[in-house]
Amino acid sequence: MSDSRTNGPAGTNALRPSPEGQWLRVHPLTPYVRSWLLIVALVWGVGNVFLDDVLSAVVYGDPLDVDFAGTVQLVGIGLVAAVLCGVVGLVMGLGVLSWWFTRYQITPEHVRFRSGAIFRTQRQARLDRVQGIDIERKLLPRIFGLASLKFDVADGGTSALELSYLRRDKARELRHQLLGAVREASRSAPATAGGSRDGYGHDAARPPVGAPAPRADAPAPAPWDHSPQARQYRTARAGHADNRGMSTPEEGSREVRAAARLGLLSDQDDPDQQRRVFTVPTSRVVLSLVLSWGTVSAVFFATVAVVVWWWNPQALRVVIPSYLPVAVMIVSGLYNRLESSWGFTLSQVQVGVRVRSGLLNERSSTIPVGRVQALQVSKPALWRVFDGHRVKVITAGKGGVDDLEGLRSLVLPVGTPDNVADILELVLPLAEAPTELVRDGLNGIDGDANYTTSPRRARWLDPLTWRRTGFAMDDAVLSLRWGRLNRNVSVIPHHKTQSLGLQQGPIERRMRIASIHAHMITGPVTTAVHHLDAQEARDLMVRQTDAARAARERNNHDSARRSREEIQ
C-alpha cells in the first residue's frame, strides 16, 4: 500500500486515491484459502472409498486391507503420476488465474472490489455510507497470517463488501486509514444526504457557533474521552448552548451515564477510542455449554449406546451408523455456540458498540446504536442454575434470519443480569433503559402492574405458557413476553415499528382471542405475541399505532430542531 497513501499534515497516514485504472491485488494465497472446502471435498471423495474398511478395522477389529498396489499395476505408475501432476497443476493454474483477476481499488469516495476471469463481478461501497469496518480472521487464513476486511453499509442487507485476503498487519493498517477516510467522507457529505453525526446527534463536520473550529482530521470526542482536547471541545459546545439558554446535549445522555457508571477506559492508540464494557468469562461459557440441550442429548445417546453394547455388542453395527448424523449435528451446534461465545467482548465505540469473539475464527462486528430496531432477552431453563441470559438484536443493514447466532445479531451469548442492564443502556436508542420491564418479563407470571397476559380461556391452546404470554407498554417501548421453561422478552421501541397486524384463525375467533404482530425488518427477534383477548389485542393495536406515530413525530421534530440550530 506504499503507493496509495501519503503522510498527512498531522503526521498520520492519510489515504490517497489510486491512479486512474490502477487496481491493487490481494494476497496470492487468497484463491486457495477461499477454495479449501473444494479441496476437502476432493480428499473426502477419494477417502470415502476406503471409509468402510477403516471403520470396520477401528470399531469391529476387522483386518484392514486397502490395496493401492493393484490399482497402480492396472493402469501403470506413469499414468497415475501424470494424472496427479495434471490435477495439481490445474488447481495451481486456476488459483493463479483467479488471483490475477481479483483486485481492489480505493478512492476518496469508494472502495471497489472485483473478481472473476470469465464471469466478472465488481462490488463497491461508498465511504460516506460505511457504518463499520471490521477485521475477520478465520482458521485457515490465521494459519497463513491473513485477514479480511468487512464493510457494513447503511441500507445493506448483508456486508456490502468483503476485502479478502490481506496480510494481517496490512489489513489493520488499511482499516485505520479507511476509518479516517470514512470520517472525512462523512464530514464532506451534506447533512441532508445522510452526513455523519457525532455521539451527541450533531453534525461532526460543523463546529458550533462561536467555538474554535476543530482540526480537520480530528473527529468529535467520544462520550468517555476526557482528554484536554475533548474537554475543550465540550466547553465550547456548553458555552454555545448557554448563550441560547439551552442545556448541553451531553448532560443527561445515556452514553455519559453509562460511561460514568461502568468506569472509563480509553485507548488513545485506537482510532475508534473503544472502551471495553465486559468480557464473558471462559468458565461461564463452558458452563452454558454443559447446561444445554445439545449436551443433554449427547449424554442420552451415549447412555443408549452403552446399554446397547452391554446388551448385545453386535447391535453396534446398526446403532453407530445411525448415530453418526445425530452426533455430527450435536457437535456442530455445540462448536458453533463455543465459537460465538469464546472470548466474547463488548466494547463501546463512538458510533455504538463493537462485539468480538472467536476460538479458531476471530470475528468482530460494529453495531451502530441508532440502527438497532428491536432486542430480545432469553433465559433458558437450564441456565437458571447460574442465572444466565442471552441477548440478540435486529440491526438495520446487518444480517437476517439466517444469522441467528452470528455477531451481527448476538450482543450477549451468556451473561448476568448486570450485563443485560449494561446492554439495555448502550444498545437501545432510548433516553431511559426499560430495565424494569425486562426484569418483570423474565420473572413474572400472570398479569401485574406492567403486563397484560392471555385470558384463562387461552389455556386450551397454551396449557403451559398462557399465564406467561403477555405484553406491556410505556412511553418508549412495547415489550412482549412468552415461554414458561425458556423465558423470553422482546423490547421494540415505538418509533421503530412500521405497522401492526392482528391475526385470528377460526378456532381463535370462536374463543375470542387474537395474535398481534409488530412489523419491521426481518431478524432473529420475535416481534409477535399470541392468544391475547381479542378486545385487548384491538386496543393494543390502536395504542401502539398512536404511540409509534407520536414517537416518530417527536424524533423528526428533534432532528429538525438540531438541524436548524446547526445551520444558524
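**Exercise 1.** Decide whether isoleucine 330 is buried or exposed, then list which residues it touches.

*Solution.* Start with the accessibility: Ile330 has a relative accessible area of 13%, so it is buried (buried means under 20% relative accessible area, exposed over 50%, partly exposed in between, with a 1.4 Å probe and protein chains only). A quick word on what you're looking at: this is a predicted model, where local features need pLDDT of at least 70 and side-chain atom pairs count only at pLDDT 80 or more, while totals for chains, interfaces and linings use all residues. Residues are numbered from 1 along each chain as its sequence is written, and side-chain values use heavy atoms, with hydrogens and water left out.

Next, place the residue: Ile330 sits in helix α12, residues 316–341 (helices are DSSP runs of H or I with at least four residues, strands are runs of E with at least two, both numbered from the N terminus). Now the neighbours. Leaving aside residues up to four places away in sequence, Ile330 touches Gly294, Ser297, Ala298 and Phe301 (contact means heavy atoms within 4.5 Å). Take Gly294: it is 36 residues away in sequence, yet the C-alpha atoms are 5.7 Å apart.

**Exercise 2.** Work out which parts of the chain the salt bridge between Arg354 and Asp134 ties together.

*Solution.* First, the pair itself: the closest N and O atoms of Arg354 and Asp134 are 3.9 Å apart (a salt bridge is a side-chain nitrogen of Lys or Arg within 4 Å of a carboxyl oxygen of Asp or Glu). Arg354 belongs to strand β12 (352–357) and Asp134 to strand β7 (130–136), so the bridge ties together parts that lie 220 residues apart in sequence. Then check the burial: Arg354 is buried at 4%, and Asp134 is buried at 2%.

Strand β7 has another case. Glu136 forms a salt bridge with Arg363, again with closest N and O atoms 3.9 Å apart. Arg363 lies in strand β13 (363–368), so this pair spans 227 residues of sequence. Glu136 is buried at 8%, whereas Arg363 is partly exposed at 33%. To finish, zoom out: Glu136 and Arg363 join Lys138 and Lys150 in a network of salt bridges, and the whole structure holds eleven salt bridges.

**Exercise 3.** Trace the open sheet that contains β22 and say in which order its strands run.

*Solution.* The order is β21-β22-β23, with antiparallel pairing (two strands pair if DSSP finds at least two bridges between them). At the edges are β21 (499–503) and β23 (528–533), each pairing on one side only. Now look at one pairing: β22 (513–519) and β23 share four bridges, and Ala514 stands opposite Leu532.

**Exercise 4.** Find out which residue in strand β23 has a positive phi although it is not a glycine, and where the cis peptide bond is.

*Solution.* Keep the usual picture in mind: most residues other than glycine have a negative phi, and most peptide bonds are trans. In β23, the residue to pick is His531, with a phi of about 60°. His531 counts as buried at 13% relative accessibility. Arg512 also has a positive phi, about 55°, and is found in the loop between α15 (506–511) and β22. As for the cis bond, it joins Ser164 and Tyr165, with omega about -5°. Tyr165 is placed in strand β9, residues 161–167.
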